[in-house]
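My notebook is open, and I am going through this model one feature at a time. Have the structure up beside you and follow along.

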Amino acid sequence: MPRKKEGKKERPRRAKKNRIKRLLVVLAVLFIFFAAATAITAYAAIQHFMQDLPAFDLSVLEPAKTSFLYDKDGELVTPLMGVENRIIVPLDEISPHLVNAFLAIEDYRFYEHPGFDLRGIMRALWFNLTNKSGSTQGGSTITQQLVKNAFLTPERTIKRKIQEVYLSYQLEQIFSKDEILEFYLNRIFFDYNAYGVEAAAQTYFGKSAKEVTLAEAAMLAGIPNLPGKYSPYRNFAEAKKRQKVILDRMVEVGIISRAEADAAAAEELVLAGIPSRSYPHPWFVDYVIMDELPALLQTLPDYKDLSIEQIQAKIYTSGLHIYTTLDQRIQLSVTEIVDNPDNYAKLRDETQAAVVVVQPYTGYISAIIGGRNYDAKNSGIFNRATDGKWQAGSVLKPIIAYGPAFNEGIATPGTILDDAPTEFPGIPPYYPNNFDMRFLGLMTARYALATSRNVPAVRLLSQMGVDKGKEYATRMGIQFEEADSGLAMVVGGLTGGVNPLQVAQAYSVLANEGVRTDLTTITKIVDSNGKVIYEHEPNQEEILSPEAAWLTTSCLVDAVRSGTATYLRIGRTVAAKTGTSDKKRDAWMAAYTPDYVTVFWIGEDKWPDKDEFGKYESYYVIGNFMNPILTTVHEGLPDTPFRRPESLRQATICKKSGLLPGEFCPPEHLVADWFPRNTIPTEKCNLHTELEICTVSGKLAGEFCPEEHREKQVFYNRPEFITTDNRWAGKAGRSPEDAGNLPPGETCDLHTSRPGGVTSLRAWQNPLTGDITLTWNEVEGASGFLVSRKGPDPDDEHFTLLTPEPLAALTFTDTIQLPGVYTYQVVAVNEEGVQSAPLATSVNVEFLPGIPFEPGEPDEPGEPEKPGPPPGRPRGNGRDNND
């Protein structure tokens, strides 16, 4: 069949269709090409952007958590904010108002998108392209904001945005919406160091996040957008405007009604007040967080591989709850005393002070004051109570010498120590002085310690051994340097020095009956999940016996009663030891009861002039500081006595010999003291002795000393001693002050011979005058003669000396007044005053001139009688008998 011939109009139409098809094919090919190229480019770009994608470390979502420090009663002292003050709370402990306010303003479709919101992104893009006001919208979801803060940098680039979307999607595959929202609300910044809604609620309104009202929630939700602008502490008017924006948005998305929004906007908000970055009791808190806590945490499994610096950083970010031994009443009261400028009226501006108060039985540190007027910029880092090193003066005597010596059985409080000039061997030799430049002589260890005599303490340490004393003191808590090795340690001669915390540790051994309990400021640590990760268990060691500790304490009680600490008066029994360093640059007092040990130091941080003297003495420490400090420390406590061990026995001793009282010990030298049962002395004092002395020569009486010059005296025969010379500081020629009653070392050299006895003594009466004449022969070695008489008067029981001075003649005439029997006695005397044995004779006088004569035989010259006793003594009955 013949093909029908096409018309002219049909052919152009077909050609046009073909051209369109070819165009469409070309366009399709081009589209596919460009789409593929775009996809390949986009893929390559995304691959490029993902090359430095940060590690998806989920642990970074765990934000820094504020730690908290509590006192001994569990009361909150302060949060430890560090860089971020953050308190983590679960979502169900956050007010629904606060949750809804954030959802409304930040991401109201949060529970609908997979981590990124395309609708929100497009809306923000359109707003940013069309808006001419200059403001922009971000379009980031809450998940994206969390990812940006946790994993990414804050830069605004396509690369960071792509990484943000990718990580947000990944995060939503791992955590639930509620978990992500909880992460977010605990992480965001609210200005004034507040991170997270809980810290923000407390910072701005003084309440927890679950307690905030709708009005408060709207204001808090407005802050994170621009904290420097919308914080009510910085600009309350702007904060109110932002609050209204939040409330209007909550109405817009249907969370609250208009009436609720208007009521919240009209509510008057009461702010808590701008928070202070300082914290209470900074000296104590500083020591806890800078010293003890890091060292303690390093012993725990989760921290053992960290450096101290890393641990200190984690203290502020781990949400720890640290329970301490702090007694806030004591800390505050003692701080006020130390900071009171009136207490430093007579001292220099450079004066500083430090105090430590501890409980000896528990080892709990109740208070630490590291200086005057805490100022973190100047002195907050240097805690003088715990980090300083000061010369100790005498405050270590009980720790290095007396306590250890009592424990070793080398001494008791009744042991005698010689406070006398002494050269102690060494290179060079040591020549100690006392603070008053005097040497008092023999004294008990009790008196030596109570009055803080230096030489006895050095002597005791020398007897015990320096190494032994140092060993005890180290175990008790004193930290020595290697060069500390001489006897001078006991009087404060240390290379570096000690601080109040060390001294408090050492004295707590005495207060706790010889048992050391390691001091601590931390009783318990709880982690952020409520798990107890540390609980304090006291570390105790018996260093001194209860007997040695009590004996030392009793000596220090005497220091308060009658020694160097008599200014200390707090109305209760207290033991105390003072200390003053060389040149009076440091003054100390360590005082304790069974309840508390308190150590105080005062001085200066530096002494540029090595020869400069200070003004720091114990009486100033006691009056201005320790009396009020100890009074406030023991406020409300009963007066608890120190418990004396039953094994101790009391005995009276001579305080010069340390032995039982002897026959000649003067009453003022008798003292009662306590002894371990097997150390009570059994021998009697051998230092107080009675000797016969010649009163003329002052020496021991010799065989020729006249009886009238002989006298029995009690002497104190102390040991030998030396006298100071230029080897000792101070005046030469000093000796122990109890050396004034030493017994004579020599026998009398004034009475060395005795004249021969009188012979041929005759007596007769002159018939004319009635006088009686005596005559005798010359005596070899005699320089004169003494004549005595006893008359007929019945009251004349003794001879009366008739010649006050010796006669050179060999005759003597006596005028008498009455008749009767007269007995005469004559002794020869040599130039030394030594008398011979007396020779006596008697005369019977029957008449006197002018007195009627009685009949009888006439008198004949009398025969010599037996020699009688010296004048003043009764004569013997025999005749011609020498004594």
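**Entry 1: backbone oddities**

I started at Ser-760, which I found in the loop between strand 20 (710–716) and strand 21 (762–765). For helices and strands I rely on DSSP runs numbered from the N terminus: H or I with at least four residues for a helix, E with at least two for a strand.

Before going on, a note on what I am looking at: this is a predicted model, where local features need pLDDT of at least 70, side-chain atom pairs count only at pLDDT 80 or more, and totals for chains, interfaces and linings use all residues. Residues are numbered from 1 along each chain as its sequence is written, and side-chain values use heavy atoms, with hydrogens and water left out.

Back to Ser-760: its phi is near 55°, a positive value in a residue other than glycine. I looked up its exposure too, and Ser-760 counts as partly exposed because its relative accessibility is 38%. My cut-offs are under 20% relative accessible area for buried, over 50% for exposed, and partly exposed in between, with a 1.4 Å probe and protein chains only.

Asn-193 also went on my list, with a positive phi near 65° in a residue that is not glycine. I located Asn-193 in the loop between helix 6 (177–185) and strand 4 (194–195). Asn-193 counts as buried, because its relative accessibility is 14%.

Then I checked for a cis peptide bond and noted one joining Ile-427 and Pro-428, with omega about -5°. Pro-428 sits in the loop between strand 8 (416–419) and strand 9 (441–444).

**Entry 2: salt bridges**

How many salt bridges does the structure hold? I wrote down 38, taking a salt bridge as a side-chain nitrogen of Lys or Arg within 4 Å of a carboxyl oxygen of Asp or Glu.

I looked up a few of these individually. Lys-177 and Glu-172 meet through their side chains at 2.8 Å, N to O, and both residues are buried.

Arg-727 pairs with Asp-725, the closest N and O atoms being 3.0 Å apart. Arg-727 is partly exposed at 36% relative accessibility, and Asp-725 is partly exposed at 26%.

Glu-471 and Lys-468 form a salt bridge as well, with 3.8 Å between the closest N and O atoms. Both belong to helix 19 (residues 466–476), and because they are three residues apart there, about one helical turn separates them. I have Glu-471 as partly exposed with a relative accessible area of 38%, and Lys-468 as partly exposed with 29%.

I also marked a network of salt bridges that links Lys-244, Asp-248, Arg-258 and Asp-262.

**Entry 3: the second largest pocket**

Next I turned to empty space. Rolling a probe the size of a water molecule over the atoms shows where such space is left. A pocket here is an open set of points on a 1 Å grid over the protein atoms alone, where a 1.4 Å probe fits, with protein on both sides within 12 Å along at least five of seven lines; lining residues have an atom within 4 Å of a point.

I noted about 1,000 Å³ of space in the second largest pocket. Which residues lie nearest its centre? They are Phe-435, Thr-580, Ser-581, Asp-582 and Lys-583, out of 39 lining residues. Strand 14 (575–580) and helix 22 (618–633) are the elements that give two or more residues to this lining. Strand 14 gives the most, with three residues.

I sorted the lining into 12 nonpolar, 17 polar and 10 charged residues.

**Entry 4: contacts across the sequence**

I looked up Pro-645 in the loop between helix 22 and strand 17 (648–654). Pro-645 is buried, with a relative accessible area of 13%. Its C-alpha atom is 9.8 Å from that of Ala-549, and the two residues are 96 apart along the chain.

Phe-68 lies in strand 1 (residues 67–70) and counts as buried at 11% relative accessibility. The C-alpha atoms of Phe-68 and Ile-315 are separated by 9.5 Å, with their positions 247 residues apart along the chain.

**Entry 5: one residue in helix 1**

My last stop was Leu-27, in helix 1 (residues 10–50). Leu-27 is partly exposed, with a relative accessible area of 44%.

Methods: Grid points are joined across faces, edges and corners, and a volume is the space filled by probe spheres set on the points. Ala, Val, Leu, Ile, Met, Phe, Trp, Tyr, Cys and Pro count as nonpolar, Asp, Glu, Lys and Arg as charged, and the others, Gly among them, as polar.
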